[in-house]
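Please look over the model below before reading on. This report takes up the sheet and then the contacts with DNA.

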Protein chains: 2
Amino acid sequence: MASRPTISDVAEASRVSISTVSLVMNGKGPVADATRQRVLAAADRLGYAPSRSARGLAARRTGNIGFVLREDHFRQSEPFYTRVFLGAEFEARRRGLYVLLSTVPDPYDPARHAPRFLTEHSVDGVVVAGGVDATLLEQLRARSIPFVLADYAWDDSPTVSADNRSGGRAVADHFVAQGHTRVGYLGADPEHPSPAERRDAYLGAMAEVGHPVPDGWVVTADGPSDRQTGALNAGLLLDRAPRPTAVFCANDALALGLLDAASERGLAIPDDLAVAGFDDVDGAALAKPPLTTVRIHKETLGETALGLLAEGLTGAVEEIPPRTLVPTELVVRASA
Amino acid sequence: MASRPTISDVAEASRVSISTVSLVMNGKGPVADATRQRVLAAADRLGYAPSRSARGLAARRTGNIGFVLREDHFRQSEPFYTRVFLGAEFEARRRGLYVLLSTVPDPYDPARHAPRFLTEHSVDGVVVAGGVDATLLEQLRARSIPFVLADYAWDDSPTVSADNRSGGRAVADHFVAQGHTRVGYLGADPEHPSPAERRDAYLGAMAEVGHPVPDGWVVTADGPSDRQTGALNAGLLLDRAPRPTAVFCANDALALGLLDAASERGLAIPDDLAVAGFDDVDGAALAKPPLTTVRIHKETLGETALGLLAEGLTGAVEEIPPRTLVPTELVVRASA
DNA sequence: CGCTTCGATCAAAGCGCTTCGATTTTCGAC
DNA sequence: GTCGAAAATCGAAGCGCTTTGATCGAAGCG
């Protein structure tokens with residue numbers, strides 16, 4: 001069986017030099033239209049695809065992008081980051097790049113857990129999704145590997161995140177439009193910047209329309225942002241007298257926990273208590289009642305991050321915009 | 001800043017030729033121990049890591065392994081294949097290989113959805129996890145790209161799967177040990193070979209000990225293997241009179257659905273009805289009551305598949321064993 | 001003591017591509 | 001027609017590594 005065709009096979013078949021074939025394959029340089037067609041036709045006929053190794057060697061780029069994710073985020077059952085990854089993969093495909101997924105444990109030991117591409121220089125840049133140990137980010141910076149964060153923020157590194165503020169505001173507006181004036185907030189995971197933004201925008205918007213949220217109705221639990229934490233801390237809002245008539249939760253997991261707690265207490269949703277979340281996870285639409293929430297376009301998050309990174313790689317890395325927002329969208333279901 | 005060190009920097013620093021450095025870095029050829037040490041020390045001191053592109057070009061291997069997964073399997077909330085992937089990644093790391101994850105939609109259109117590495121020759125081999133469209137497998141075969149299936153079977157291609165038979169037998173033995181003689185089976189997804197193996201081993205074992213399962217108590221739903229299907233079809237077993245005292249479900253999702261249905265009917269688990277599943281998903285231990293099930297070591301599945309593939313690549317591909325089993329383990333919890 | 005053997009090392013020839021500078025062609029303006 | 005500039009094409013020099021065949025000593029042998 002004939003071995004895989006090379007650039008010179010194509011050159012020969014289309015009667016041009018390999019330089020010209022290279023120019024055509026990369027869409028560079030001035031090439032006569034007729035020549036271009038001829039080369040492309042020959043390449044197609046021969047089933048030619050440039051060798052990534054050779055290309056990488058000659059052009060001193062790898063064409064690979066690293067995608068780093070905390071291991072527990074990757075294997076958690078809510079496929080949030082999985083979808084961010086899919087978005088990145090999709091965008092990478094459009095740009096002819098490959099994505100190398102690498103998970104890092106938490107806590108992270110830089111000596112033992114460093115992703116291989118860090119030492120092996122096998123990527124041109126890295127997308128970091130979600131919170132990771134700062135040591136890793138410092139390592140990236142120290143080796144001057146360009147990176148973009150998705151759904152996280154660190155120092156003044158370029159970041160892509162959901163538009164948490166407008167999402168928080170949208171929930172407040174919705175509550176007000178439904179006639180609520182006495183509303184609360186349930187949050188968790190104080191370390192992550194996103195919940196804080198959601199909270200501040202929400203509280204700010206309520207205050208603006210003359211219904212400030214009293215401190216007692218703002219609960220930020222000290223645990224992870226999950227359903228159990230939500231259920232556990234719900235009491236701090238539900239067992240109070242007076243009780244808020246609507247609660248905004250920093251994310252859907254907490255909101256689902258709050259629904260559990262409300263159901264245990266025999267509260268009718270949304271009549272006794274309106275509940276809104278954030279993220280629009282798969283389970284939100286299946287909840288009883290279906291959860292009103294702010295949708296984050298997870299794939300778009302990944303797409304955008306990878307796109308910015310790729311753009312930055314072909315130009316001045318310093319020019320990656322420091323902060324990019326992906327729009328959010330209020331999805332009104334039965335819970336509020 | 002000095003650019004990245006190359007093999008000749010190491011050669012110079014350790015006063016040998018680059019050939020020798022190459023031999024050392026690859027652990028090949030006869031090299032004096034003193035020389036080896038000297039080279040390794042120099043490499044370490046300079047922070048040298050071989051360029052993958054150069055290596056790939058010269059050795060005409062890429063050092064990449066493709067990992068193919070159906071998109072819906074990847075983004076489903078139960079992280080089964082995610083963990084298979086992690087296992088593969090882990091093994092790849094040990095062997096100095098990279099894994100390129102590629103999802104394919106279902107249905108699969110070979111013209112539009114073919115993973116890029118298929119045409120770009122950017123992998124040395126492929127691990128296919130779970131069921132995928134046969135067209136893809138045919139494409140792989142046609143291009144003579146070696147591949148290993150994980151948790152699936154097709155034609156006579158090399159396969160790694162959980163030891164479904166001994167798992168099914170273990171459940172039967174456990175039921176019998178608990179004194180059950182009138183037992184049932186609930187399955188779904190008739191296309192996948194694994195459930196069938198579990199069922200056959202289970203039914204066979206029950207028959208052997210003199211308690212054959214009547215046809216009426218063997219239900220195989222025509223839908224996907226998920227919780228809803230389980231709950232929906234549970235009635236076929238639970239509303240029968242007489243009713244079995246124990247039911248083995250082809251996987252945990254179905255078992256959880258069966259638990260839902262049992263709880264709706266007010267049946268006490270395990271006193272009125274004992275239930276066992278298969279897989280040991282994350283939710284199994286959290287179910288009410290915690291689910292007795294057969295554990296599949298998902299990471300081992302991926303590790304094994306990648307390992308076999310890698311071995312095959314360095315030798316005769318034809319010699320990959322056609323069928324490899326990963327042990328399963330009965331985990332007894334409260335439901336049976 | 002000369003000759004073979006074998007272990008250790010090396011020089012050089014690529015692998016398939018990009019890219020730079022050089023060369024050839026084309027074409028409008030005169 | 002002729003000339004110069006711009007457009008199109010090309011040759012050749014690497015990119016950093018692997019691998020083959022050759023070289024070179026030192027040890028073993030009769």
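Two strands count as paired if DSSP finds at least two bridges between them. With that in hand, take the bridge between Val160(A) and its partner in S11(A), Thr324(A). The model is predicted.

**The sheet in chain A**

Strand S5 of chain A covers residues 159–162. S5(A) and S11(A) run parallel and share four bridges. On its other pairing, S5(A) is joined to strand S4 (residues 147–150) of chain A by two bridges, again in the parallel sense. There, Leu149(A) stands opposite Thr159(A) of S5(A).

These pairs belong to an open sheet of six strands in chain A. The order is S2-S1-S3-S4-S5-S11, and the pairing is parallel. Strand S2 (98–104) and S11 of chain A are the edges, each pairing on one side only. On average, neighbouring strands are turned by 20 degrees against each other, direction ignored. In general, strands of a sheet pair through backbone hydrogen bonds.

Which side chains of edge strand S11 (residues 323–326) of chain A are buried? Thr324(A) and Val326(A) are, and they point to one face. Arg323(A) and Leu325(A) point to the other face and are not buried. Thr324(A), then, is both a buried residue and the bridge partner of Val160(A).

**The surface near DNA strand D**

DNA strand D is surrounded by 25 residues. The closest come from both chains: Ser17(A), Thr35(A), Ile7(B), Ser22(B) and Tyr48(B). Of the atoms of DNA strand D that come within 4 Å of the protein, 69% belong to sugar and phosphate.

Which helices supply this surface? Four of them give at least two residues each: H2 (18–26) and H4 (52–59) of chain A, plus H2 (18–25) and H4 (52–59) of chain B. H4(B) provides the largest share, with four residues. By residue type, the surface near DNA strand D has 13 nonpolar, nine polar and three charged residues.

Several side chains have a polar atom close to a phosphate oxygen of DNA strand D, including those tabulated here.

| Residue | Partner | Distance |
|---|---|---|
| Thr35(A), polar side-chain atom | phosphate oxygen of DNA strand D | 2.4 Å |
| Ser22(B), polar side-chain atom | phosphate oxygen of DNA strand D | 2.5 Å |
| Asn26(B), side-chain N or O atom | phosphate oxygen of DNA strand D | 2.9 Å |

Thr35(A) and Ser22(B) also appear among the closest residues to DNA strand D.

Notes
Residues are numbered from 1 along each chain as its sequence is written. Chains are lettered from A and ligands numbered from 1 in the order in which they are written. This is a predicted model: local features need pLDDT of at least 70, side-chain atom pairs count only at pLDDT 80 or more; totals for chains, interfaces and linings use all residues. Side-chain values use heavy atoms; hydrogens and water are left out. Buried means under 20% relative accessible area, exposed over 50%, partly exposed in between (1.4 Å probe, protein chains only). Axes are lines fitted to C-alpha atoms, for helices over the stretch in contact, and angles run from 0 to 180 degrees between N-to-C directions. A residue is near a molecule or strand if one of its heavy atoms lies within 4 Å of it. A polar contact is a pair of N or O atoms within 3.5 Å; within protein, one must be able to donate a hydrogen and the other to accept it, and residues adjacent in sequence count only if both atoms are side-chain atoms. Ala, Val, Leu, Ile, Met, Phe, Trp, Tyr, Cys and Pro count as nonpolar, Asp, Glu, Lys and Arg as charged, and the others, Gly among them, as polar.
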